[in-house]
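Visitor: Hi, could you walk me through this one? I'm new to it.
Guide: Sure, take a look first.

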Amino acid sequence: MQRTVLVTGGCGFIGVNFVRLLLGGRDRWRVVNLDKLTYAGNLASLADVADSPGYHFVKGDICDQDLVGALFDRYRFDTVVHFAAESHVDRSIAGPAEFIRTNIFGTYTLLDAARKHWIEAGPPGRADSCRFLHVSTDEVFGSLGDTGYFTESTRYDPRSPYSASKASSDHLARAYYHTYGLPVLITNCSNNYGPYQFPEKLIPLIINNGLHGRDLPVYGDGGNVRDWLYVLDHCEAILRVVEQGRPGESYNIGGRNEKKNLEVVGLLCDILDRQAGLLPSGLPRRSLITFVRDRPGHDRRYAIDAGKIAEELGWSPKVTFEQGMEQTVDWYLTNRAWLAAVIDGSYQEYYRRMYGGRDELQGQGKQQ
Ligand code: NAD
Ligand code: TYD
């Protein structure tokens, strides 16, 4: 049976990869992508699949209650996969307000629209066939010492405005399950990497700077640890949770790929040297590594125990860290035009050029 999914933030890094995965499944999914196209949203990343049957793009804000309600009325979603968020920790330190608005109020807006349409106004039992997946992060659990892993029962202990806003949205999502019976699922995933990631995050930033022979900034002593997961493995895990997860449950997702930042940067240097050649000076890119002032409140270590999703839903990552890093560098080298448009800002012109002047509900793609 075909399902109709509202994907929020489908023009961001993970959202783009997820929309592509759904559309690759042919006619199983009718997909409505609601995205505000902030600096992190890149409509051009979906240009080649924008005409897929059953795909609709809507430019709009998840905090806009009228718009979200109208979309539920119009498309009668039975599934929501909620990615839209402000997602960069450094930006949340510089200016938390937008994180509070989008991540907390925006999540509330979506949950409440789902409650109204699936429970309040829907026929009895309607909610049983619906699913609301809230995509969250392992950063809600705070920082680990040298040992141990985050499990689904680890106490929340967020340390940055970003992680605090995501923790808040997780609590709201859980509250809607317990209070109203909304069929909510939550995933808490570790750091993703792969194609289409905005080059403010560590891996694409290092690739971009390395390509252009610029300094490679490593915060503090470079000893902070992240548990890296290839983005397509994350997308497959999300799909598995949507299709087979138990409402009211949360699932930790991670790759068992704990790496110190300095190791990650060093590996990227070596791959870039191999794939793109040494620097014009003849030096290897490791010579560009520069230690810079640490991020305030910098979490030391994240590591996920993904045992629950493995045991209950049979998911495990397919891509090793070494393969994923090779593929990622290769993707950025092959897609230099994508990277250049993001760096010079011209990607933001794409929506206006292609769809300027249309109203939000009309958006892009085929109409019903
Ligand atoms: P991203 O920053 O690349 O993309 C966010 C998308 O949301 C953009 O397309 C942006 O335009 C859109 N958006 C922002 N505010 C909006 C609003 N008010 N209304 C509608 N759209 C809006 O983020 P990402 O890295 O793809 O992350 C997606 C989700 O996954 C986030 O919720 C994030 O917390 C979570 N997550 C990310 C990671 C990671 O490593 N990137 C890991 C775990 C969880
Ligand atoms: P980031 O990609 O911002 O993800 P997050 O903060 O959500 O984990 O950063 C990953 C790690 O890399 C984090 O420990 C901070 C560090 N980092 C640097 O050392 N240099 C940089 O330029 C950036 C952006 C991050």
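Below we chat about the two ligands and a few helices.

Visitor: What should I know before we start?
Guide: This is a predicted model, where local features need pLDDT of at least 70, side-chain atom pairs count only at pLDDT 80 or more, and totals for chains, interfaces and linings use all residues. Residues are numbered from 1 along each chain as its sequence is written, chains are lettered from A and ligands numbered from 1 in the order in which they are written, and side-chain values use heavy atoms, with hydrogens and water left out.

Visitor: Okay, which residues come nearest to ligand 1?
Guide: Ile14, Asp35, Ser87, Tyr162 and Lys166, out of 28 residues around ligand 1. To count as near, a residue needs a heavy atom within 4 Å.

Visitor: Which polar contacts does ligand 1 have?
Guide: Among them, an oxygen atom of ligand 1 sits 2.8 Å from a backbone N or O atom of Phe83. A backbone N or O atom of Asn192 is also 2.8 Å from an oxygen atom of ligand 1. On the side-chain front, an N or O atom of Thr102 lies 3.3 Å from a nitrogen atom of ligand 1. A polar contact is a pair of N or O atoms within 3.5 Å; within protein, one must be able to donate a hydrogen and the other to accept it, and residues adjacent in sequence count only if both atoms are side-chain atoms.

Visitor: And how much of ligand 1 does the protein bury?
Guide: 97% of the 830 Å² that ligand 1 exposes when taken alone. Those areas come from the Shrake-Rupley method with a 1.4 Å probe; for residues, only the protein chains shown count as cover.

Visitor: Which elements give two or more residues to that shell?
Guide: α1 (13–24), β5 (131–137) and α5 (161–180) do. The largest share, 3 residues, comes from β5. Helices (H or I, at least four residues) and strands (E, at least two) are DSSP runs, numbered from the N terminus.

Visitor: Now ligand 2. Which residues come nearest there?
Guide: Of the 17 residues around ligand 2, those are Glu139, Arg226, Asn261, Arg295 and His298. The side chain of Arg226 puts an N or O atom 2.8 Å from an oxygen atom of ligand 2. A nitrogen atom of ligand 2 is 2.9 Å from a backbone N or O atom of Pro217.

Visitor: How much of ligand 2 is buried by the protein?
Guide: Alone, ligand 2 exposes 510 Å², and the protein buries 97% of that. α6 (202–211) and β8 (216–219) each give two or more residues to the shell, and β8 gives the most, with 3 residues.

Visitor: Switching topic: what caps the N-terminal end of α2?
Guide: Asp64 does, with a side-chain oxygen 3.2 Å from the backbone nitrogen of Asp66. After α2 comes Arg76, whose phi is positive, near 50°.

Visitor: What do the buried residues of α2 pack against?
Guide: β1 (3–8), β2 (29–35), β3 (55–59), β4 (79–82) and α4 (97–120), with contact meaning heavy atoms within 4.5 Å. Leu67 and Phe72 are among the buried residues in α2.

Visitor: Last one: is Thr334 buried or exposed?
Guide: Thr334 counts as exposed because its relative accessibility is 58%. The cut-offs are under 20% relative accessible area for buried, over 50% for exposed and partly exposed in between (1.4 Å probe, protein chains only). Thr334 belongs to helix α10 (residues 321–334), and a polar atom of its side chain lies 2.7 Å from the backbone oxygen of Asp330.
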